[in-house]
Amino acid sequence: MIAKRQIAQVESFGRWYFRRARLRWLVLVAALLFLNGCGGFQSVLNPGGPQSEHISRLWWFMLFVSTAVFLLVMISLWLAVNSRTKPTNSSPEKETVGTKGRKGLIVILATGVTVAILFAFMVDSFLVGRGLTAELERKQGLNIEITGHQWWWEVRYQDVDASSIFTTANEIHIPVGVPVTFSLKASDVIHSFWVPNLHGKKDLIPGKISTIWLQADRPGVYRGQCAEYCGHQHAHMALWIFAEPLEQFDAWRRAQIQSAVSPASASEQKGQQVFLSSACVMCHAINGTPAGANFGPNLTHLATRKTIAAATLANDRSHLQQWVDDSQQVKPGNRMPANKLRPEDMQALLDYLQSLK
Amino acid sequence: MYLRNLKLSGTSAALGMVAVLLLASCKRETRNFDPSPMGQQKVVMSDLQPGATKPSPERNPVEENATALSDGKRLFSQYNCTGCHANGGGAIGPALMDEKWIYGSEPENIYATIVEGRPNGMPSFRNKISDYQIWELSAYVRSLSGQIRKDVAPGRSDDMNAHPSEQRVERKTPEQSAIPKAAEQP
């Protein structure tokens, strides 16, 4: 009884659905929006470099073939069901040897096709894997060392010239069209480096250096995220990759190599004193000052970054204040203790931090 | 009938004990997301504190918490305690894993040592380390000589082991040690 009523309900919904063109229009828009979501700054389907192109090509290939197989199966199912509804005189006992043989042939054929498709998938994914690692051999270009911490990314630009090595955090600038080698390390637990627009995942394992090579062919901003559960704030461990034209990248790099600017105004000077005489100095470094601890992010050029707290908050004054004052309210469990400074000290400190261009 | 009742009460007692144990183990691993902020660090002691262990109303709030102890272990190297005390065996600073205590072995003595500093080298970390982290460090320092419950003390190191884990350390009875000649005030 209930089942009948449900069927009736479903049928009436179906009729209503097909009558209402507007609804179909809405569904279409929703689908387009969904596809648009695939084209974003953190998406495998919007490749920005050669590796991710390999990966997304394989993905589309698998999607198309699987869709075709699905449609084929649905059509044959529909045909099979439909042929049952036709009134025929044939019964199982009446099956002749001939029809049995034909059915057997169809089963064998379908199995063969399935095996062939899976084999094609395997060969293609093998070729893609080969492509990804073969290109890893090209080691010229930039070398960046990434260290995963709970819960942020330490980024160190290596150079043969020791005075050109510098450290930053969470925001990685790379030149367009230049292969970049990332050496991945971890300081505490296993993390995973994943910038979907540029490459697949690679784990950061304590006590081991793993390497990933990637290249951005289009300028742009790509978001990455830790892809291996690493503790309470795993979800707030993001990073940005800024792919820029070579000249722009070089300018950025030259600026980053410099020591921090010395405080100009009285307030900034006071802020520096606050920084050096409070808990900040125990974990953070500002090159060019006595602050040299390397346990928290390097703050030498903090004001040039777009975000703070591993790409969790926009880098503006109110967020900085919130973060310094009690970061546990923003990212509970993170390693930074709350700092209840006097209001005038806090304002001076913020002035100083915002001057670190 | 009497026997059956006895049996039942025995079962419920056992269940109760299991519940208590479970609760205790929960507390052991509690992670405090909102610890006390950097405040005024009140402990003030004279430089000439000879090391007698004065009872203090302030007790270490984290002494029975395994999470805090392992945080303390992490901070011990991150705040460079290892720079002078090595991994507890001592270098240019005194050893922390033996039974000798110059300035007292109670948690509040260690807290005071970290906040105030001590003559002849131990710097003061007043306003540089937040309160709860100093308590974590104090608890960890005590675990180095086995003053902390075994199920709370850290069981492993992230890096290569410099010594057996704190969990395996036999408790050493604290002894008062004289202030080294070099550390005496003129």
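The following paragraphs describe a sheet in chain A and a helix pair in chain B of a predicted model.

In chain A, five strands form an open sheet in the order 4-10-9-6-7, and their pairing is mixed. Strand 4 (171-175) and strand 7 (202-204) of chain A occupy the edges; each has a single partner strand, so one side of each is left without a neighbour in the sheet. On average, neighbouring strands of this sheet are turned by 25° against each other, direction ignored.

Strands of a sheet pair through backbone hydrogen bonds, in either a parallel or an antiparallel manner. Strand 6 (residues 191-194) and strand 9 (residues 220-226) of chain A pair in the antiparallel sense, over two bridges. Opposite A:Cys226 in strand 9 of chain A stands A:Phe193. A helix also meets this part of chain A: helix 5 (residues 246-257) lies across strand 4 and strand 10 (238-244) of chain A, and runs at about 135° to strand 4 of chain A.

Two packed helices are described by the angle between their axes and the distance between the axes. In chain B, the axes of helix 4 (residues 107-116) and helix 5 (residues 131-143) come within 9 Å and cross at roughly 120°. Because of this angle, helix 4 of chain B is oblique to helix 5 of chain B. The crossing of helix 4 of chain B past helix 5 of chain B is right-handed.

From helix 4 of chain B, B:Pro107, B:Ile110, B:Tyr111, B:Ile114 and B:Val115 take part in the contact, and their counterparts in helix 5 of chain B include B:Trp135, B:Ser138 and B:Arg142. The residues of this contact divide into 10 nonpolar, one polar and one charged.

Terms used: Residues numbered from 1 in each chain as written. Chains lettered and ligands numbered in written order. Predicted model: local features only at pLDDT ≥ 70, side-chain atom pairs only at ≥ 80, totals over all residues. Axes fitted to C-alpha atoms, helices over the stretch in contact; angles between N-to-C directions. Helix = DSSP H or I, 4+ residues; strand = E, 2+ residues; numbered from the N terminus. Parallel < 35°, antiparallel > 145°, perpendicular 65-115°, else oblique. Left-handed = near helix turned anticlockwise from the far one by under 90°. Contact = placed C-beta atoms within 7 Å. Nonpolar A, V, L, I, M, F, W, Y, C, P; charged D, E, K, R; others polar. Pairing = 2+ DSSP bridges.
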